[in-house]
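These are my notebook entries from a session of looking things up in one structure. I wrote them in the order in which I went through the model.

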Amino acid sequence: MAMPAHDAGKRPNPTSHPLSKLRTKVDHLASDVSRLGIAVTTTLNPNHRHDEKWEQEIDAQMTRIRDAHRFRSFAPEREGNLVKWHVDGHDYFWALSEVIDGAKESIMILDWWLSPELQLRRPAAHYPEWRLDRLLQKKAEQGVRIYVMVYKEVTASMALSSKHTKHALEDLHENISVMRHPDHSGGELVYYFSHHEKLCVVDNKIAAMGGLDACFGRWDTRNHPLADVHPTEFFKSLFPGQDYNNSRIMDFQTVDKFTSNQLAIQDATRMPWHDTSLTFLGPAVVDLVQHFCERWNFVKKIKYKHDHRMEWLALPTPWNDVQAGGLVNKNDHNARLRAEHPHLAEWKERGRQFAHPYHWPPSEAPRASEPVPSGHARVQVCRSAADWSHGILIEDSIQQAYIQLINEANHCVYIENQFSSPRPLARGRNPGRTPGDISTQSGLKAIMEAQFRSINRGGDSIFEMVRQAGYDPTEYISFWNLRSYDRINSPADAIKRMEERSGVSFHEAQIALAKIYMGDNVKEGYNTVTIEQAHDAHTNADETGKKGSAQTQVKLPQTVEEAKEIIQRFQNGAEKSDEHISDNIGQHAMLDKTSIFDEKWDGTDDEELYCMVSELLYIHSKIMIVDDRRVVIGSANLNDRSQKGDHDSEIAIVIEDGDMVESMMDGKKYMASRLATTWRRTLMREHLGLLPAQPEISPNTEPNEAMHPAPTLNAYEFGTVEDKAVEDFLAPEFEQLWVKTGRANRAAFEHVFRPVPTDSVRTWDDYRKYMEPHKGVPTGHVVNKSLSLQEVKETLARIRGHLVDMPIDFLIGEKWMTEGNFLAVNPYTLALYV
């Protein structure tokens, strides 16, 4: 296989000219003075943007607009949108690459975390030019204006390195501008809350959005592999460098230095990532552009007022003419409301304006004759926004949409969410994701306490409220998790012989591969790389990421050519080809033509047994499907942080598709939305193992229709046995299939790997006894030492898909989790977790 290219063009530095550097320094000094004034004003008067008469008039105008819309959203319902769903990062990031590559005028990106080095198409050996920073550089060089806004993290608690994101992208080309917000000192003094949107809008025409940030750790396939070891074919790697991550072993660290620290991939699993997102065209895209422009100009005013690189953005034109092709805009009232936007004239005078294509002759505005596909979906944009995040009074239209759609549900509600809870949970972690002894970690205990108090204990939980209303909650509500298994292709003796024959260690080859993907034009600023070993479940978080806990320190190759030579030497150390050995075996949980018993192995039974692994499958989705007709999807979790409006900033859309298909509901014929029902069925079939295994990832087989963005539609095959199994959400046969599969899978995983949490642990004494066998066993490996390799395979062969029932009775015997107020944290720090 050919080595991957490592340089996609030179990196021009737009600030290299001495006068340009001087102007930038003057801009930054002026901006710093301005920010200091804002900090003082905010401290003395937190309401300083809403107390003057003229400010109150602006607030009143915005309020009148919201009052006229459903959910009190800033945006109206819009017809004629064409929406396409994408499940998991493999499909979505390819679609995103096509969306960005099609840009002609503008790219607008909002992200919680953005990794410039993210590989959108994989394996990187085949697609070196499709790394995010290289793609954005290409578009900038073609004249496209690129605007990026990312959350500026609290560096003491997060390793997002937004500073690296800003400078890595802005140094590529002067057409790329990156804002970081909020400030945590010398500015708005926001500590607890974040910008959490995940959005990309191109040319005011097409949008990509949902739950996936364009960052490390998010790309995954429907098989959700846990391993990425290819001893004789390193360039099949799908997760190079820090993209191979498991925060139960070691969370992301120094992500600005892509190769600076890595897991020992021959021992440690990655954490698989399940999510769903969408691409769409239609008039509602213009509302997303409005949201972006408002946010951009707000941050420009308070932080980058004197920075010439951060230009003002005018609202898109024509402002009062937004409609789908073939539809007549009869909502004159909405057009009049839009004309009342308080910043319309000001921003038009000061800022760069881009036209949108959602208007038609006889309109004389630009792009009126541009052909744009239309669809059958009514879409409304909602958001969580407030003074700190957007400079406006609180808008919680996402929360209002969730409340109203649940209230209006007639049959069923299907929710996938990182935090399925109406009450507090902390973003980014859930029980089982953090390494170490749960009983010693106050933060993890707070999250766990909040989660279970939301579900079934504490006095105000969902289950308790339903019981108080006279119903059995278990008859109506259920909670589920996901888990995956795999085998690491790392027979110890074979790897050792390769190292001895080649004179190159496996870790040296691993680091060399990451160096190739980074390229020669990156100056790392370090000479050695830390390889973190696979700790056991008793190793706490504060013990990881340190030289004392590292398995080894590896010298970093200084050039790409040196790195290529290292990998080639290691691969040449193989005694024979291992083409007959599968690099992963988790695909057998899906519809696969072979079984786990067909898998070959070039080592001993003990070595293979050691390489059998499992890990929780992290659910990061933010989607709700109601009655197979209505969908809410975006960046918002089901917690106070996302829903209240004045905490994290969020973006979401409500979709009602008019393209109806005949279906079944509760044993009766039922007309369902094609978009909603195929989305739900696909998600459920993946979880139940009723989808074909992910085909081999190769340029010979990709892309397929699922990987292209809208307007290419999803091809869903109705009427198959697998489709019929999930068609009727309320059928007893479906409930039996779902429950039986989840419980059987849970039993299999617990028999082999003894994961936490589990319903068999009800007190801390139970926990300590349950965890005793984990001592000395690397995280994710087989814990039940009484099992033979054959018995492990027989147990894993029974697993279908990834579904497991959620152990909601974990530690239910502990009074601190069932009675009184929250005990794990005090009232002052609770906001951080909720």
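**Overall counts**

I began with the secondary structure of the protein, which comes to 23 helices and 23 strands. I note at the outset that this is a predicted model. For burial, I found that buried residues make up 62% of the 834 residues in the protein. I then looked up the contacts between residues at least 6 apart in sequence, and 80% of these join residues at least 24 apart. The protein exposes about 31,900 Å², of which carbon and sulfur atoms supply 51%.

**Strand β3 and its partners**

I turned next to strand β3, residues 145-151, and asked how many of its residues are buried. Seven of the seven are buried, so β3 is largely enclosed by the rest of the structure. In a regular strand the side chains alternate between the two faces of the sheet. I checked the directions here and found that Arg145, Tyr147, Met149 and Tyr151 point one way from β3, while Ile146, Val148 and Val150 point the other way, and that all of them are buried.

Which strands pair with β3? Strand β2, residues 106-111, pairs with β3 in the parallel sense over six bridges, and strand β4, residues 176-181, runs parallel to β3 and is joined to it by six bridges. As single examples I wrote down that Asp111 has Val150 of β3 as its bridge partner, and that Ile146 has Ile176 of β4 as its bridge partner. I also followed the connection from β2 through helix α4, residues 132-141, to β3, and recorded that these elements make a right-handed β-α-β unit.

**Helices α4 and α5**

For α4 I looked up burial in the way I had for β3: eight of its 10 residues are buried, so this helix is largely enclosed by the rest of the structure. The buried residues of α4 are Leu132, Asp133, Arg134, Leu135, Leu136, Gln137, Lys139 and Ala140, and I noted that the list includes Asp133, Arg134 and Lys139. I then asked what the buried residues of α4 pack against. They pack against α3 (89-101), β2, β3, α5, β4 and α14 (506-518). Just after α4, Gly143 takes a positive phi of about 100 degrees.

Helix α5 covers residues 162-170, and its buried residues are Ser162, Thr165, Lys166, Ala168, Leu169 and Glu170. What covers these buried residues includes α4, β3 and β4.

**The loop with Trp360**

I located Trp360 in the loop between α8 (344-350) and β10 (377-385). Which residues is Trp360 in contact with, leaving aside its neighbours within four places in sequence? The contacts are with Gln323, Ala324, Gly325, Ala368, Glu370 and Val372. For Gln323, which is 37 residues apart from Trp360 along the chain, I looked up the separation of the C-alpha atoms and noted 8.3 Å.

The loop between α8 and β10 is also the place of Pro362, and the peptide bond from Pro361 to Pro362 is cis, with omega near 15 degrees. I entered beside this a cis peptide bond that joins Thr317 and Pro318, with omega of about -5 degrees; Pro318 lies in the loop between α6 (284-302) and α7 (332-339).

**Positive phi outside glycine**

I looked up two residues other than glycine that have a positive phi. Phe71 has a phi near 65 degrees and sits in the loop between α2 (53-67) and β1 (77-87). Is Phe71 buried or exposed? Phe71 has a relative accessible area of 5% and is therefore buried, the cut-off for buried being under 20%.

Arg754 has a positive phi of about 50 degrees, and its place is in the loop between α20 (732-753) and α21 (764-771). At 23% relative accessibility, Arg754 counts as partly exposed.

**A nonpolar patch**

My last entry concerns the surface, where Ile406, Val413 and Ile415 form a nonpolar patch with about 200 Å² of accessible area together. I placed Val413 in strand β12, residues 413-417, and recorded that Val413 counts as partly exposed because its relative accessibility is 32%.

Notes: Residues are numbered from 1 along each chain as its sequence is written. This is a predicted model: local features need pLDDT of at least 70, side-chain atom pairs count only at pLDDT 80 or more; totals for chains, interfaces and linings use all residues. Side-chain values use heavy atoms; hydrogens and water are left out. Buried means under 20% relative accessible area, exposed over 50%, partly exposed in between (1.4 Å probe, protein chains only). Helices (H or I, at least four residues) and strands (E, at least two) are DSSP runs, numbered from the N terminus. Two strands pair if DSSP finds at least two bridges between them. A crossover is right-handed if, with the strands pointing away from the viewer, the path from the first strand over the helix to the second runs clockwise. Contact means heavy atoms within 4.5 Å. Accessible areas come from the Shrake-Rupley method with a 1.4 Å probe; for residues, only the protein chains shown count as cover. Patches are made of residues with over 30% relative accessible area and no salt bridge: like charges are joined within 9 Å, nonpolar side chains (Val, Leu, Ile, Met, Phe, Trp, Tyr) within 5 Å. A salt bridge is a side-chain nitrogen of Lys or Arg within 4 Å of a carboxyl oxygen of Asp or Glu.
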